[in-house]
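This report concerns the fold of a single protein model. The sequence and structure are shown below.

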Amino acid sequence: MNPKDVTGVILCGGKSKRMGFDKALIRFKGHYMLEETAITLKKIFLKVLLVTDHKQKFPTQLLVNHVFLEDEFMQKGPLGGLVTALRHIDTSYLFLVACDIPNITVTKIRQLLEYVEDEQVILFSGEKFETLFAVYHRSCLSQFEKQLATDNGKIRTAFDCLDVKKVKKKNIDIVNINYPEELIYWRQND
């Protein structure tokens with residue numbers, strides 16, 4: 001897969017109920033975790049978009065340095081952000097990642113891209129599969145739009161109607177941070 005055919009997309013607009021504060025604004029070692037993820041994606045992809053619920057929540061430095069899209073489907077979860085991104089890309093694929101997954105690396109992303117052939121969805125699977133660290137083809141858009149109309153915001157629900165490649169991979173270590181205790185643990189072990 002040629003990275004020129006892929007737009008990097010970071011979802012950064014959730015409710016963060018379990019965390020108690022907006023996860024898009026997590027800071028670590030003087031930087032926003034979100035910005036570190038964007039910098040990593042820019043090492044691979046020519047285009048990187050950040051999809052959020054409200055742009056104004058971000059400091060000027062982030063707004064100036066990155067391209068933000070406001071979610072067209074508020075209160076629809078990650079699926080709404082994914083549909084928003086799919087509507088705005090001009091590449092065949094997008095690589096989707098959530099802003100609350102620390103330690104995103106060029107290596108992990110390239111490993112996933114190696115498996116892209118002509119499927120609509122490509123993701124790693126182990127004990128579970130991570131829909132927010134995955135590659136999606138533009139052709140998924142109509143199916144995801146239909147699903148949005150049902151008020152079911154779970155991305156994986158549409159997988160029965162799509163060509164999905166689940167790549168079995170051990171030790172890929174893709175974990176998002178949902179609770180304050182997880183954030184403390186991650187900061188202590190990074």
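The text that follows describes the confidence of the model, its sheet, an edge strand and two helices.

The model is predicted. Its mean pLDDT is 84, with 83% of the residues at 70 or more. Among the elements, β1 has the highest mean pLDDT (96), whereas helix α6, residues 180-189, has the lowest (53). Where pLDDT is low, the predicted coordinates should not be read in detail.

An open sheet of 7 strands, with mixed pairing, follows the order β5-β4-β1-β6-β8-β7-β9. The edges are held by β5 (67-70) and β9 (164-168); each has a single partner strand, so one side of each lacks a neighbour in the sheet. From one strand to the next, the twist averages 25 degrees.

The edge strand β9 pairs with β7 (residues 121-125) in the parallel sense, over 5 bridges. In this pairing, Phe124 stands opposite Val167 of β9. In a regular strand the side chains alternate between the two faces of the sheet. Along β9, Lys165 and Val167 point to one face and are buried, while Val164, Lys166 and Lys168 point to the other face and are not buried.

Two helices lie across strands of the protein, as tabulated here.

| Helix | Strands it lies across | Angle |
|---|---|---|
| α1 (residues 33-42) | β1 (6-11), β4 (47-52), β6 (93-98) | about 175 degrees to β1 |
| α4 (residues 106-113) | β1, β6, β7, β8 (129-137) | about 60 degrees to β8 |

Both β1 and β6 thus appear in the entry for helix α1 and in that for helix α4.

Definitions and conventions: Residues numbered from 1 in each chain as written. Predicted model: local features only at pLDDT ≥ 70, side-chain atom pairs only at ≥ 80, totals over all residues. Heavy atoms only, no water. Pairing = 2+ DSSP bridges. Helix = DSSP H or I, 4+ residues; strand = E, 2+ residues; numbered from the N terminus. Axes fitted to C-alpha atoms, helices over the stretch in contact; angles between N-to-C directions. Contact = heavy atoms within 4.5 Å. pLDDT = per-residue confidence, 0-100. Buried < 20%, exposed > 50% of the residue type's maximum accessible area, 1.4 Å probe, protein only.
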